[in-house]
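Hello,

Here is the structure I promised to pass on. Please have a look at it first, and then read my notes underneath.

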Amino acid sequence: MINLAGLAHNPRISAKEAERSYLETNALVPQRLAQACIDSQVSKFIQLSSVKAVAETSLESQPLNEPTQTTPPKSIYGNSKW
């Protein structure tokens, strides 16, 4: 299972609605999907996300990868992906 779904931009909703929508779509739904894969004995689950899952920005000379040290993002969107 490869999950590419996510919510990135929705300027027509309030900040409170955005926070709820981002959390639901970018964090809770993937968790439920992963659990459904476990329950169904799916052998692989791949979750793809945006750069905001690990950093607000990156320098061309310093690529982001698994060992990169991260800190919590500053945006609601970034937090939902982190």
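A word on naming before the notes: helices (H or I, at least four residues) and strands (E, at least two) are DSSP runs, numbered from the N terminus. Please also keep in mind that this is a predicted model.

With that naming, the protein has two helices and two strands, and their order from the N terminus is β-α-β-α. Along the principal axes, the C-alpha atoms fit a box of roughly 40 × 35 × 15 Å. Of the 82 residues, 20% are buried. The accessible surface is about 6,400 Å², and carbon and sulfur atoms contribute 56% of that. Among contacts with a separation of 6 or more, 54% join residues 24 or more positions apart.

Now to the N-terminal end. N3 sits in strand β1. Is N3 buried or exposed? N3 counts as buried because its relative accessibility is 8%, and the cut-off for that class is under 20%. Leaving out residues up to four places away in sequence, N3 touches P30, L33, F45, I46, Q47 and L48. For one of these, L48, the C-alpha to C-alpha distance from N3 is 6.2 Å, although the two are 45 residues apart in sequence.

The next residue tells another story. L4 belongs to the loop between β1 (2-3) and α1 (15-39). L4 is classed as exposed because its relative accessible area is 62%, and exposed means over 50%. Together with I2, I46 and L48, L4 makes up a nonpolar patch on the surface, with a combined accessible area of about 390 Å². I46 and L48 thus appear twice in my notes, in this patch and among the residues that N3 touches.

On to the charges. There are 8 positive and 7 negative side chains, and the centres of the two sets are 4 Å apart. How many salt bridges does the count come to? The count is one. The pair is R32 and E24, with 2.7 Å between the closest N and O atoms; the cut-off for such a pair is 4 Å. Both partners are partly exposed: R32 has 48% relative accessibility, and E24 has 29%.

One backbone angle deserves a look as well. Most residues other than glycine have a negative phi. Q41 is not a glycine, yet its phi is positive, at about 60 degrees. Where is Q41 found? Q41 is in the loop between α1 and β2 (46-47). With a relative accessible area of 72%, Q41 is exposed.

Last, the other end of the chain. W82 is in the segment after α2 (76-81). At a relative accessible area of 49%, W82 is partly exposed; over 50% would be needed to call a residue exposed. Which residues does W82 touch, not counting those up to four places away in sequence? They are A53, T70, T71, P72 and P73. The C-alpha atoms of W82 and K52 are separated by 6.9 Å, with their positions 30 residues apart along the chain.

If you open the model, I would start with N3, which is buried, and then turn to L4, which is exposed.

Best wishes

Definitions and conventions. Residues are numbered from 1 along each chain as its sequence is written. This is a predicted model: local features need pLDDT of at least 70, side-chain atom pairs count only at pLDDT 80 or more; totals for chains, interfaces and linings use all residues. Side-chain values use heavy atoms; hydrogens and water are left out. Patches are made of residues with over 30% relative accessible area and no salt bridge: like charges are joined within 9 Å, nonpolar side chains (Val, Leu, Ile, Met, Phe, Trp, Tyr) within 5 Å. Accessible areas come from the Shrake-Rupley method with a 1.4 Å probe; for residues, only the protein chains shown count as cover. A salt bridge is a side-chain nitrogen of Lys or Arg within 4 Å of a carboxyl oxygen of Asp or Glu. Buried means under 20% relative accessible area, exposed over 50%, partly exposed in between (1.4 Å probe, protein chains only). Contact means heavy atoms within 4.5 Å. Lys and Arg count as positive and Asp and Glu as negative; His and the chain ends are not counted. The place of a charge is taken as NZ of Lys, CZ of Arg, CG of Asp or CD of Glu.
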